[in-house]
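Please open the model in your viewer and keep the sequence panel beside it. The tour below goes from one selection to the next and says what is found at each stop.

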Amino acid sequence: MATATITAGSLPARPAVPDTISTRRVIAFLAMVFGMFMAILDIQIVSASLAEIQAGLSASSDEIPWVQTAYLIAEVVMIPLSGFLSRMLSTRVLFTIAAAGFTAASALAATATNIDQMIVYRAVQGFIGGGMIPSVFAAAFTIFPPSRRAIVSPMIGLVATLAPTIGPTVGGYISHAFSWHWLFLVNVVPGILVATAAWSLIDFDKPNLKLFNKFDWWGLAGMAAFLGCMEYVLEEGPNNDWLQDQAVFICAIVMTIGAAIFFWRVFTAEEPIVDLKAFSNINFAFGSLFSFVIGIGLYGLTYLYPVFLGRIRGYDSMMIGEALFVSGLAMFVTAPISGFLSSKMDLRLMMMIGFFGFATGTWWMTHLTADWDFYELLIPQILRGCSMMLCMVPINNIALGTLPPDRLKNASGLFNLTRNLGGAVGLAIINTVLIDRNAFHYARLAEHVQWGSAAAQTKLQNMTLNFEQSTGLNATSAAISKLSGMVHQQAALLSFMDVFYLLTVLFATLGLFTMLIKKPAAPGGGGGGGH
C-alpha cells in the first residue's frame with residue numbers, strides 16, 4: 001500500500017466527491033454532530049456533581065467514581081468496534097440504534113435508586129453512545145469534498161474538544177439549578193430528535209449483512225478484556241498503589257491475556273473486529289500519535305484545574321465551572337479561525353503553533369501560588385483553548401483526510417480510541433505524579449519545620465499569639481494544626497507545578513516532532529490518497 005504522504009498529482013485520485021452537497025445530507029450530518037456532542041459531554045457532565053449523586057443514591061466514596069468509570073470502560077470498547085458495525089449495519093442503522101439506546105439509557109440513569117442500577121445504566125449509556133462518535137468523523141471525510149473540510153473539520157474538532165471541557169461547567173449549573181436527575185433527563189428530547197433525524201436522513205452507505213457470518217467473537221472478547229481492564233487499571237491504579245491492590249492486579253492479568261487474544265485475532269481472523277492496516281498509512285499513524293497526546297492535554301487539564309480550585313482554593317462545582325468557562329469560549333472563537341487557516345497554511349506549522357501555545361500555557365502554570373484565581377488563570381486557559389483547536393483541526397485532516405473511503409470507518413474508530421486512551425493514560429500518570437510528588441515535597445518541607453528550626457519556631461510562636469488574642473481556645477494546638485495545613489498546601493502546590501512542568505516538556509517536544517511528518521496534500525487538491 002502506498003503511504004498517504006504522496007501529493008495530489010502523483011497517483012490517480014480516489015473517486016471524486018461532488019463539490020455540491022445536498023441539504024438533506026448537511027442536516028443529517030448536523031444531527032450526527034449533535035449526537036456526538038451529547039455522547040462526549042456525558043463523560044464529564046457528572047464529574048462536577050458526583051457529590052450530589054452520591055448523596056442521592058446513598059453511595060460510599062469508593063463506589064461513586066464508578067458512575068464515571070463504568071461509562072468510560074464501556075465507551076472505550078465500543079469506539080473501535082463501531083467501524084465493523086457500521087460496515088455491517090450501515091451508518092444509518094448503527095447511528096439510529098446508538099442515539100436511541102443512549103437516550104433510553106439516559107432516561108433510566110435518571111430513575112436509578114441505588115448505585116448498582118446507576119453503574120449498569122451508565123455502562124449501557126457509554127457503550128451504546130460510543131457508537132456515535134467515530135461515525136461522525138467517518139461521515140465528515142466520506143460525504144464532504146476536500147474543499148469543504150475547512151468548515152467541517154473545525155466543527156467536529158470543536159465538538160470533540162469543547163464537550164469534555166465544558167462538561168463540568170454544564171453539569172455544575174444543571175445540578176445546582178434543578179437536581180442531579182436532570183444531568184441525564186436533559187438528553188431525552190434532543191436524543192429522540194437526533195435518532196429520528198438519523199433514521200430519516202442518513203443515506204451515505206449500504207449495509208453488508210454477510211459480515212455477520214464472519215463476526216469475530218473471540219476478537220471482541222479479547223478487545224473488551226484488553227481495553228476495559230486497561231481503562232480500570234489506569235483509573236484505579238494511582239490511588240490504590242497499582243499492583244499492590246488485588247482488583248488492579250487481577251485486571252492487569254486479564255488485560256494482558258485479553259491483549260494477547262485481541263492481537264492474535266487481529267492478524268489471523270478473516271474479518272478482524274478492528275483493522276489495524278490503517279496504521280501502515282504514515283500520516284494516519286502520526287495523526288493517531290498526536291491525537292493520543294491531545295487526549296492527555298484535553299482530559300488531563302480538564303481534571304487538573306478543577307482539582308486545584310477545589311483542593312487549594314476550596315471552590316464548589318458551580319464556582320469551578322464559572323472559573324473554567326474561558327477555555328471553552330476560547331475554543332469556540334478559535335474554531336472558525338483554525339478552519340480558515342487549515343486551508344491557507346502548512347498543517348504541520350499550524351500544529352506546531354498549537355503545541356507550543358499549549359506548552360506556553362502549562363509553563364505559565366508552573367508559577368502557581370495558593371492565591372491564584374480567575375484572573376491569574378485567564379491567560380493559561382485562553383492559550384489552552386486556542387491551542388487545542390489549532391492542533392485538533394490539522395490532526396483530523398492529516399490522520400483521516402488521505403485515507404481511501406473503504407478504510408475510513410475502521411480508521412475513525414481507531415483514531416478516536418487513541419484520544420480516549422491518551423486521556424486515560426494521561427490521568428493515570430498525572431494522578432501518580434501528584435500523589436508521589438506530594439509525599440516527596442511534604443517530607444522535604446517537614447524537614448524544615450522541626451523543633452530545631454528557628455524560623456519555624458518563630459512562626460509558630462507568632463501564630464500561637466494570634467490565636468490566643470482572637471479565639472482564646474487551645475492556641476498552641478490550633479497553631480500547630482494551621483502550620484501543618486500550610487505545609488500540606490505547599491506540598492500540594494509544588495506537586496501541581498511538577499505536573500504542569502512535565503506537560504510543558506511533553507507538548508514542546510511534540511511541537512518539534514511535527515517536522516517529521518511529510519507534507520500532506522493540499523486540502524483543496526481533490527483528495528488524492530494512498531490506495
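Which hand does the crossing of α12 and α16 have? The crossing of these two helices, α12 and α16, is left-handed, a term used when the near helix is turned anticlockwise from the far one by less than a right angle, with right-handed used if it is turned clockwise.

Before going further, note that this is a predicted model, in which local features need pLDDT of at least 70 and side-chain atom pairs count only at pLDDT 80 or more, while totals for chains, interfaces and linings use all residues. Residues are numbered from 1 along each chain as its sequence is written, and side-chain values use heavy atoms, with hydrogens and water left out.

**The whole chain**

Show the protein as a cartoon, and you will find 19 helices and zero strands; helices (H or I, at least four residues) and strands (E, at least two) are DSSP runs, numbered from the N terminus. Of the 531 residues in the protein, 55% are buried, where buried means under 20% relative accessible area, exposed over 50% and partly exposed in between, with a 1.4 Å probe and protein chains only. Among the contacts in the protein with a separation of 6 or more, 85% are accounted for by residues 24 or more positions apart, contact meaning heavy atoms within 4.5 Å.

**Stop one: α12 and α16**

Select residues 282-311 for α12 and residues 374-400 for α16, whose axes come within 9 Å and cross at roughly 160°. Axes are lines fitted to C-alpha atoms, for helices over the stretch in contact, and angles run from 0 to 180 degrees between N-to-C directions. The two helices, α12 and α16, are therefore roughly antiparallel to each other, since angles over 145 degrees count as roughly antiparallel, under 35 as roughly parallel, 65 to 115 as roughly perpendicular and the rest as oblique. On the α12 side the residues that make the contact include Phe284, Phe290, Ile294, Leu298 and Tyr305, and on the α16 side they include Leu377, Arg384, Met388 and Ile395. The residues of this contact of α12 with α16 divide into 16 nonpolar, six polar and one charged, where Ala, Val, Leu, Ile, Met, Phe, Trp, Tyr, Cys and Pro count as nonpolar, Asp, Glu, Lys and Arg as charged, and the others, Gly among them, as polar.

**Stop two: aromatic rings**

Phe290 leads on to the next selection, for Phe286, Phe290, Phe355, Phe358 and Phe507 form one aromatic cluster. The structure holds 14 aromatic pairs, counted when rings of Phe, Tyr and Trp (its six-membered ring) have centres within 6.5 Å, with planes under 30 degrees apart called stacked, over 60 edge-to-face and the rest tilted. In one of them, the rings of Phe178 and Trp182 have their centres 5.7 Å apart and their planes at 45°, so the pair is tilted. Phe178 counts as exposed at 58% relative accessibility, whereas Trp182, with a relative accessible area of 42%, is partly exposed.

**Stop three: Met352**

Now select Met352, which has its place in helix α15 (residues 347-364) and is buried, with a relative accessible area of 16%. Leaving out residues up to four places away in sequence, Met352 touches Gly511, Thr514 and Met515.

**Stop four: Met32 and α1**

Move to helix α1 (residues 23-44), where Met32 lies. Met32 is buried, with a relative accessible area of 0%, and, not counting neighbours within four places in sequence, it is in contact with Thr91, Phe95, Ser135, Val136, Ala139, Ile202 and Phe204. Measure from C-alpha to C-alpha between Met32 and Ala197, and you will find them 8.5 Å apart in space, although they are 165 residues apart in sequence.

**Stop five: Ser90, α4 and α6**

Select Ser90 in the loop between α3 and α4 (91-111), where its phi is near 90°, a positive value in a residue other than glycine. Ser90 counts as buried at 4% relative accessibility. To finish, add α6 (residues 132-143) to α4, as their axes come within 10 Å and cross at roughly 145°, with α4 passing α6 in a left-handed crossing. The contact is made by Thr91, Leu94, Phe95, Ala98, Ala99 and Phe102 of α4 and by Met132, Ser135 and Val136 of α6.
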